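Biologist: I'd like to learn how to read the places where chains meet. Could you walk me through it?

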Amino acid sequence: MDWVNAIVQGTLLGGLYALFAAGLSLIFGVMRLVNIAHGDLIVLSAYVTLTISAALGLNPLLSLVLVVPLMALLGYLMQRLILNRTMGEDILPPLLVTFGLSVIIQNALLVGYSADPQKLNAGAIETAAVPFGPITVGVMPLIVFVTAVVVIAALQWIFYRTALGRAFRATSDRQDIAQLMGLNRAHVFGMAMALSLAVTAVAGVFLGIRTSFDPAVGGSRLIFGFEAVIIGGLGNLWGTLCGGVILGIAQTVGAKIHPGYQILAGHLVFLLILAVRPRGLFPRMD
Amino acid sequence: MKCGKSIWGSKLMPEPVLSISRLDSHYGDFQALYGVDLTVHEGEVIAIIGANGAGKTTLMRSVSGLLKNRHEAICWKGQPIGALRADQIAALGIALVPEGRLLFASLSVEENLIIGGQTGRKGPWTLRRIYDLFPVLEERRNQPSTLLSGGQQQMVAIGRALMSNPVLMMMDEISLGLAPVVIKSIYAALPGIVSEGLTVIVVEQDIAKALSVSSRVTCLQEGRVSLEGYSEAVTREEISRAYFGI
Amino acid sequence: MDTLKVSRATRLSTMAMVMLALIVVVMAAAPWWAGRADLRLFGEIFLYMSLATLWNLLAGYAGLVSVGQQAYVGLGGYVFFAATMLWGMSPFIAFPVAMVLGAAISAPIAFLIFRLRGAYFAIGTWVVAEVFRLSFAQVSALGGGSGTSLTTAIVKDLASGRDGREALAYWFALGLVVVVVGAVFFFLRSRQGVALTAIRDNELAASSLGIDVWRTKFLVYVVTAGLTTLTGALIFLQKLRISPDAAFSTNDWTAFVIFIVVIGGIGTIEGPIIGTLVFFALRETLADFGTIYLIALGFVAILIMLKTPNGLWGLVRGRRGIELFPLSQRVRGLSEKGT
């Protein structure tokens with residue numbers, strides 16, 4: 001039963017990883033950009049929430065109403081003012097610039113909040129649990145997982161059912177021809193990054209409620225998100241959710257074997273899948 | 001000289017919608033156009049002919065804003081537009097049917113048409129009118145554009161350009177790679193399109209076709225204008241000299 | 001001059017090479033003229049210069065942008081500690097062992113992560129570094145997560161006195177940077193190196209010319225891994241203490257190195273050398289500012305990437321393409337205006 005429990009908990013954890021990954025997957029899909037600062041932006045969201053919920057006395061979950069648009073705006077500005085200048089054939093400039101942003105965000109958080117671990121307090125809901133037969137499932141992990149499913153469904157809807165999604169797909173296909181349609185590439189890219197950071201805001205709040213965080217934890221969040229994207233297959237959002245679940249299960253099962261193996265087990269499963277299925281389990285994009 | 005108003009402002013001739021003067025276009029270090037001049041008046045159909053590599057597509061890319069140029073080299077209704085971005089130029093009412101069609105592969109037929117109307121310009125062309133013009137597209141509206149035949153794809157590309165209700169539509173080699181019968185049916189739609197008051201630039205390798213649909217013709221050779229004249233007046237000798245440089 | 005000649009050397013590059021040789025000689029004598037603190041600083045500079053030169057070969061020439069070279073730095077440190085403390089090897093043997101082991105381990109890793117393209121390759125290298133860090137944290141014989149120190153017996157095995165040991169560590173570092181820069185220089189002049197530059201400039205064209213892109217990149221990755229591992233061994237010989245977090249630190253062995261190369265000028269031999277000197281000059285003057293210093297470095301790197309992607313050396317070098325290290329082939333006799 002312990003093993004079943006580990007798998008259930010891992011599946012729910014996978015929802016969080018899918019949230020880490022969805023924003024990454026989105027901007028790669030639209031503009032082939034890999035944002036090395038993605039993990040640090042997740043952590044930044046958690047800190048922004050910390051400040052806002054402390055200042056206004058809001059539950060961190062409620063403060064999402066403010067954090068999501070705030071991070072979206074930050075994403076739009078970051079893309080328009082900095083990252084758009086690096087977009088082109090050469091992958092080096094965007095990579096190195098986002099790497100620089102990562103170091104800046106990390107150290108700015110260190111200056112602003114110190115290295116002490118922080119946690120977001122969501123109240124009684126954190127400890128609430130519901131029994132499913134012999135297994136008890138926390139309400140919070142359940143909320144995270146359901147949110148992940150909803151977020152991915154929403155992104156899917158935006159991508160395939162709205163004018164913005166049409167613009168994303170057209171720009172992804174042929175940037176120049178999309179421009180001929182009257183689409184301003186710089187704006188489309190800005191919107192993609194805004195959407196990515198809106199998702200990041202949700203991920204950051206859930207991260208902060210689930211575990212304590214400090215300015216240095218962004219790197220591993222980026223890696224978890226990245227692993228979920230690659231396991232699931234590039235360009236497939238539902239695949240990304242599956243990738244997150246696989247990673248989550250690998251980690252909880254690994255931790256069950258030996259506490260020191262939790263993260264390691266996740267990485268090893270990722271490398272294994274890379275060795276056997278280099279394009280991921282459900283690839284859609286070349 | 002800004003936008004050549006001094007010449008065209010006179011009563012003899014109305015101001016052209018598009019006037020290109022001394023246009024030099026570059027791809028990096030490579031110069032593709034040398035001092036090209038061209039004027040287009042409202043309602044005209046202009047043909048641009050020339051051999052492969054003469055600079056026809058470069059000229060189209062320059063006008064549509066895919067290539068940046070000296071701002072004053074290209075003027076639209078008296079305003080310089082040479083350095084504007086492609087989306088800004090599209091908003092002015094200049095549409096391009098690009099060589100090779102270049103439909104959006106991840107969009108359905110209908111989405112390809114709808115995105116053509118992205119600029120939000122008002123005018124006669126609607127989804128309904130495009131389907132009336134090319135009924136086959138309505139039957140296949142929900143299919144991915146990649147599943148269509150070459151001729152049908154070309155119809156989507158033309159429809160996509162029309163959806164922006166352009167003042168000027170540029171068609172770059174729309175018969176390339178299509179069967180003669182398909183070319184014929186596509187060109188058959190042209191008079192109906194032009195009768196809406198559209199100004200058209202047609203780039204063609206097929207000289208006879210180009211001359212038959214146009215009122216004026218410009219020939220490019222190695223990036224320079226080698227011939228300009230009325231389509232019905234130019235002689236075969238003039239064209240072959242302008243085309244091949246012999 | 002009527003005949004056409006192809007040559008690489010220019011008067012400037014010949015002078016630069018002579019100057020460089022002189023500098024190396026003067027620096028080799030540093031243990032006799034520099035204080036202990038200076039000696040340590042010089043040693044550190046040379047080690048960073050090696051890391052930067054190696055990363056530049058990887059990212060600037062082979063287009064393999066890794067953010068996970070700390071995997072090999074840490075591996076080098078751990079192999080050196082394990083070889084001397086657990087396997088009873090002499091430190092002098094442990095260095096080449098570390099290098100060979102690093103190269104050997106990097107080969108199967110390359111097979112795996114070369115499946116990732118571009119930026120995803122970068123994050124893949126990071127995953128590998130994390131796997132190394134987490135794995136070494138499980139090795140209790142080397143102190144597990146908290147790490148271990150080099151025993152005095154081994155330290156004494158190197159040289160008897162403290163001065164002698166520090167001088168030796170310094171000479172190793174100097175020797176390493178000479179070997180690394182020299183190796184990269186001669187590699188880039190070789191057929192393989194020309195192939196590499198061709199790949200960087202146009203992968204498609206290069207492969208159509210019959211250059212095996214995959215093999216060339218693989219070779220560069222493995223050689224770089226071996227030399228980075230050796231550098232890691234020397235770094236932790238200087239530090240005398242190792243822990244997983246220090247050994248596989250992203251900040252120390254990747255962030256700094258990337259900033260050095262970007263600031264100095266990526267894709268040139270001179271860039272990483274100049275970048276290292278600038279980096280240490282800034283660090284020595286601004287070190288008191290700690291995290292602010294890192295933030296500033298991040299801003300400078302972004303600014304350089306946006307404004308002058310060729311870095312400081314790119315600014316100096318200008319349009320005329322002057323080179324201190326004679327790499328480019330120049331045709332002489334056509335017109336002597338340029339050079």
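Biologist: Do chain B and chain C touch or not touch, and how far apart are their nearest C-alpha atoms?

Modeller: To read this, look for heavy atoms within 4.5 Å. In this predicted model, chain B and chain C do not touch, and 15 Å lies between their nearest C-alpha atoms.

Biologist: Which chains share the most contacts?

Modeller: Two pairs of chains are in contact, and chains A and C share the most contacts. Here 37 residues of chain C meet 44 residues of chain A.

Biologist: What is the area buried between chain C and chain A?

Modeller: About 3,600 Å², with 86% of that from carbon and sulfur atoms. On the side of chain C that touches chain A, α5, α6, α13 and α15 of chain C each supply at least two residues. α6(C) gives the most, 12 residues. By class, that side of chain C has 26 nonpolar, eight polar and three charged residues.

Biologist: How many salt bridges are there between chain C and chain A?

Modeller: Zero. The interface of chain C and chain A does have three residue pairs in polar contact.

Biologist: And how many salt bridges are there between chain B and chain A?

Modeller: One: the side chains of B:Glu111 and A:Arg169 meet at 2.5 Å, N to O. Chain B and chain A also have five residue pairs in polar contact. On the side of chain B that touches chain A, α4(B) gives the largest share, four residues. That side of chain B divides into 11 nonpolar, five polar and five charged residues.

Biologist: What area do chain B and chain A bury between them?

Modeller: About 1,800 Å², 64% of it on carbon and sulfur atoms.

Notes: Residues are numbered from 1 along each chain as its sequence is written. Chains are lettered from A and ligands numbered from 1 in the order in which they are written. This is a predicted model: local features need pLDDT of at least 70, side-chain atom pairs count only at pLDDT 80 or more; totals for chains, interfaces and linings use all residues. Side-chain values use heavy atoms; hydrogens and water are left out. Buried area is the accessible area (1.4 Å probe) that two parts lose on being put together, summed over both. A salt bridge is a side-chain nitrogen of Lys or Arg within 4 Å of a carboxyl oxygen of Asp or Glu. A polar contact is a pair of N or O atoms within 3.5 Å; within protein, one must be able to donate a hydrogen and the other to accept it, and residues adjacent in sequence count only if both atoms are side-chain atoms. Ala, Val, Leu, Ile, Met, Phe, Trp, Tyr, Cys and Pro count as nonpolar, Asp, Glu, Lys and Arg as charged, and the others, Gly among them, as polar.
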